[in-house]
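This note is addressed to a colleague meeting the entry below for the first time. Kindly read the numbered points with the structure in view.

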Amino acid sequence: MVECAKASDIAALTELRLAYLKEDHGTLSEDELEIIRRDLPDYFERNLNQNLFCYLVREQEEIAACAFLLVVEKPVSPSFITGKTGTVLNVYTRPAYRRRGYARQIMEKLLADAAAKNLSVVELKSTEDGYRLYQSVGFVEDVPAYHLMKFIVG
């Protein structure tokens with residue numbers, strides 16, 4: 001059964017985020033690990049159930065799978081008519097619990113909540129492994145007329 005994380009889950013959410021990042025990025029440096037472990041719990045304390053919603057499935061008292069929905073309000077436009085958008089982050093299932101449908105259950109609950117929160121759009125970046133799942137719950141490829149760019153500060 002999918003549930004929303006509580007403040008008492010912050011330590012576990014931090015470890016799940018680290019596990020996700022290690023799988024997604026490969027090895028992390030000791031400096032990166034130290035910064036993430038130091039700063040992430042404070043981020044969760046400030047944002048959990050405010051603009052960051054963490055969905056999880058527990059099995060035998062352990063969090064088996066999770067996903068984050070980051071909600072942002074922007075100036076209204078035709079692309080997001082309510083001004084409220086969501087970004088899905090950190091869809092992760094611990095290796096021992098994979099292939100049990102947990103990510104699908106989480107995504108279905110997350111998307112139902114996105115509709116209840118009156119979000120105009122929910123976006124995500126998909127790996128090849130997650131692509132079919134996201135398509136099956138209704139995500140479509142977005143081919144923007146804009147170029148995705150970033151500026152690294154520092």
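In which sense do β4 and β5 pair, and over how many bridges? The points below begin with that matter and then turn to the rest of the sheet, the helix on it and two loop residues.

1. The model under discussion is predicted. In it, β4 and β5 pair in the parallel sense, and three bridges join them. One bridge partnership in this pair sets Thr 85 against Val 121 of β5. Between the two strands the chain passes through α3, and this β-α-β crossover from β4 to β5 is right-handed.

2. The sheet as a whole is open and consists of five strands in the order β1-β2-β3-β4-β5, with mixed pairing. Its edges are formed by β1, residues 2-4, and β5, residues 121-123, each of which pairs on one side only. On average, neighbouring strands of the sheet are turned by 25° against each other, direction ignored. As general background, strands of a sheet pair through backbone hydrogen bonds, in either a parallel or an antiparallel manner.

3. The antiparallel sense is found between β3, residues 62-73, and β4, residues 84-93, which pair over eight bridges. Two partnerships may be followed by eye: Ala 65 has Thr 93 of β4 as its bridge partner, and Leu 70 has Thr 87 of β4. Strand β4 thus deserves attention on both counts, as it pairs with β3 in the antiparallel sense and with β5 in the parallel sense.

4. Helix α1, which spans residues 10-25, packs on the sheet. The strands that α1 touches are β2 (52-59), β3 and β4, and the direction of the helix makes about 80° with that of β4.

5. Two loop residues merit inspection for their backbone geometry. Gln 60, in the loop between β2 and β3, is not a glycine, yet its phi is positive, at about 50°. Is Gln 60 buried or exposed? Gln 60 counts as exposed because its relative accessibility is 71%, and the threshold for that class is over 50%.

6. The second such residue is Asn 118, which lies in the loop between α3 (102-116) and β5. Asn 118 also has a positive phi, of about 65°, although it is not a glycine. With a relative accessible area of 46%, Asn 118 is classed as partly exposed, a class that lies between the buried limit of under 20% and the exposed limit of over 50%.

Key. Residues are numbered from 1 along each chain as its sequence is written. This is a predicted model: local features need pLDDT of at least 70, side-chain atom pairs count only at pLDDT 80 or more; totals for chains, interfaces and linings use all residues. Side-chain values use heavy atoms; hydrogens and water are left out. Two strands pair if DSSP finds at least two bridges between them. Helices (H or I, at least four residues) and strands (E, at least two) are DSSP runs, numbered from the N terminus. Axes are lines fitted to C-alpha atoms, for helices over the stretch in contact, and angles run from 0 to 180 degrees between N-to-C directions. Contact means heavy atoms within 4.5 Å. Buried means under 20% relative accessible area, exposed over 50%, partly exposed in between (1.4 Å probe, protein chains only). A crossover is right-handed if, with the strands pointing away from the viewer, the path from the first strand over the helix to the second runs clockwise.
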